[in-house]
Amino acid sequence: MNSFPEASVQSLHDAVRTVQDFPQPGIAFKDVTPILLDPVLFRQAVEALAEPFRNAGVTRIAGIEARGFLFGLSLARELDVGFVPIRKQGKLPWRTYRMEYDLEYGTDCMEMHMDAVVEGDCILIHDDVIATGGTAAAAAKLIQEAGAELAGFSFLVELNYLSGRKRLASDALIGSVLRFDE
Ligand code: AMP
């Protein structure tokens with residue numbers, strides 16, 4: 001699906017820093033900030049994210065707080081569409097739709113402004129990393145309950161070993177640029 005040059009994908013893969021035991025023991029955290037430091041890598045990352053969705057009829061990108069904003073805004077610019085911030089509870093100033101979702105311990109809540117998507121919109125959800133997929137699945141519910149269609153999901157990094165994509169709709173278009181097996 002992704003016809004992006006293999007050499008660029010390898011450079012991006014090499015730039016992701018794995019930080020063991022952050023933010024808690026047992027987690028291998030994928031730190032994408034080294035990509036942001038390098039304008040060539042950053043441009044390649046945005047182009048690779050955009051590639052599978054150039055003809056997908058996307059009308060807006062919905063980026064998930066906070067690291068979904070890092071590349072999501074540039075992805076929206078690249079596809080020439082608007083950007084919707086999906087934020088944690090209590091951060092957005094106006095009327096919101098909200099979605100509660102389960103975490104390993106307890107629940108969390110995400111919100112989106114009520115005018116951020118309208119019927120007929122075709123929304124691409126973006127986050128930097130898909131781990132278990134719970135966050136992206138909740139974002140999809142939020143978008144669908146607001147009456148919009150889903151164009152798919154876009155991630156810079158996919159953690160294959162957590163099988164997060166299984167939590168997303170089986171017919172969804174899922175773009176992930178870099179896949180990690182550990
Ligand atoms: P998920 O388990 O897919 O719901 O991931 C929850 C959120 O935490 C997502 O926004 C991911 O970007 C982030 N996340 C989870 N695991 C990692 C990880 N190993 N490295 C970096 N970010 C992570």
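A polar contact here is a pair of N or O atoms within 3.5 Å; within protein, one must be able to donate a hydrogen and the other to accept it, and residues adjacent in sequence count only if both atoms are side-chain atoms. Keep in mind that this is a predicted model, where local features need pLDDT of at least 70, side-chain atom pairs count only at pLDDT 80 or more, and totals for chains, interfaces and linings use all residues. Residues are numbered from 1 along each chain as its sequence is written, and side-chain values use heavy atoms, with hydrogens and water left out.

Start by selecting the ligand and Asp128: a polar side-chain atom of Asp128 lies 2.9 Å from a ligand oxygen atom. Next, pick Ala131, where a backbone N or O atom is 2.9 Å from an oxygen atom of the ligand. Then add Gly134, with a polar backbone atom 3.4 Å from a ligand oxygen.

Now widen the selection to the residues with a heavy atom within 4 Å of the ligand. There are 15 of them, and the closest are Asp127, Asp128, Thr132, Gly133 and Thr135.

Colour by secondary structure next (DSSP runs numbered from the N terminus: helices are H or I, at least four residues; strands are E, at least two). Strand S2 (28–31), strand S7 (122–130) and helix H5 (134–145) each supply at least two residues of the shell around the ligand. S7 gives the most, with four residues.

Last stop: select Phe153 and Phe155, both buried (under 20% relative accessible area, 1.4 Å probe, protein chains only).

How values were computed. Buried means under 20% relative accessible area, exposed over 50%, partly exposed in between (1.4 Å probe, protein chains only).
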